[in-house]
Amino acid sequence: MKHHQLTALVAVADHGGINAAARALHLTQPAITKAIKDLEAELGIVLLVRQTRGVTLTPEGQTLLARARLIVRELERAEEDMGLLKGQRGGKLVIGVTPLAGLTIVPKAFARFRQAWPEVELNFIEFTSEQIVENLRNGTLDVAVGAATGRHGDAPVQWEELFSLPTSLAVHRDSPLAASTTLAELQHAEWIHADITDRFPAFLSALFESQDLPPPRRVTRCTSQALFHSLAMQNDVVFFWSLFAIGMPMLRERFKALPLTADLPRLSMSLLVREDSMLTRAADYFARCIREVAREEWTALD
């Protein structure tokens, strides 16, 4: 397997077709086609299925793709490190963030990083904590900063907890539920959450069962942050947020944290890297900025 073959496979998967991959890599369509065919011939398996509207990867192709992404990105990182040894200060960083990370720690860390590394191309991509773990695993992300109520299985990801924030159940200030002080008053409400897994419904069930109450029956999943905000603004719904987010100037005018006695988990803000990852100097410096900002401005709130 050669580098250009794996690069072609990754580009085809990312862009949905050979022509689109050729444009992205600034190559000709025949060059991409030959790279894929040579790779298939070398491995003795079919990687792509050509269709009228692009291509799809076979199961074998999907298996190779996971490793190809990691190999391609690691080679790019090696080239960036070699460039640094020659005095170059460029390169690329792909950083995963969860919404709360973007509201808290990342902006000041970004400003600090930019002072030292003005030429690095930065890409901040918002994911759920589950998606962050997967994209660290496959090498798409260099580092990530995310908030979660717990770790995710046995994924090969190192979690470095920076600080934690208290949480609350919340509603719109004009909601009839705004005066609620017990879970029993919320049992028949509409709940919304942004968790792509089943952990939040399970948490909700456990929370109500701890007070001998049946869990709510109307629980809506919404993974769009824009739609989530609109639903919370325009509907009588209950949701789970950090107290920090609810207390932000624009949000505290619209939403109210409910003064319940329920024992709610804290949200842990963590720096995440792949366990066996060798960070580039730029990535290592960004991680240092995250740690410094956390220590100087956020640990005291923990």
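Here is a short walk through a few strands, one helix and a surface patch in this predicted model.

Let's start with β5 (143–148). Six of the six residues of this strand are buried, so β5 is largely enclosed by the rest of the structure. Its two faces are both covered: Val143, Val145 and Ala147 are buried on one side, and Ala144, Gly146 and Ala148 on the other.

The strand pairings of β5 look like this:

| Strands | Sense | Bridges | A residue pair |
|---|---|---|---|
| β3 and β5 | parallel | three bridges | Ile95 with Val143 |
| β5 and β12 | antiparallel | five bridges | Ala148 with Ser268 |

Staying with β12 (residues 267–274), we find Ser270 in this strand. How buried is Ser270? Its relative accessible area is 4%, and since buried means under 20%, Ser270 counts as buried. Beyond its neighbours within four places in sequence, Ser270 touches Ala144, Val145 and Gly146, along with Trp159, Glu160, Glu161 and Leu162.

Now for helix α6 (residues 106–116), where Val106, Ala109 and Phe113 are buried. Down the axis of α6, the buried residues fall within an arc of 65 degrees, so they line one face of the helix. That fits the general pattern: an α-helix has 3.6 residues a turn, so residues three or four places apart point the same way. And what covers the buried residues of α6? The cover includes strands β3 (92–97), β4 (121–126) and β5, plus helices α5 (99–103) and α12 (281–298).

Out on the surface, Met1, Leu43 and Ile45 make a nonpolar patch of about 240 Å². Met1 itself sits in the segment before α1 (3–15).

Methods:
Residues numbered from 1 in each chain as written. Predicted model: local features only at pLDDT ≥ 70, side-chain atom pairs only at ≥ 80, totals over all residues. Heavy atoms only, no water. Patch = residues over 30% accessible without salt bridge, like charges linked within 9 Å, V, L, I, M, F, W, Y side chains within 5 Å. Areas by Shrake-Rupley, 256 points an atom, 1.4 Å probe, with all protein chains shown as cover. Salt bridge = Lys/Arg side-chain N within 4 Å of Asp/Glu carboxyl O. Helix = DSSP H or I, 4+ residues; strand = E, 2+ residues; numbered from the N terminus. Buried < 20%, exposed > 50% of the residue type's maximum accessible area, 1.4 Å probe, protein only. Contact = heavy atoms within 4.5 Å. Arc of directions from axis to C-beta. Pairing = 2+ DSSP bridges.
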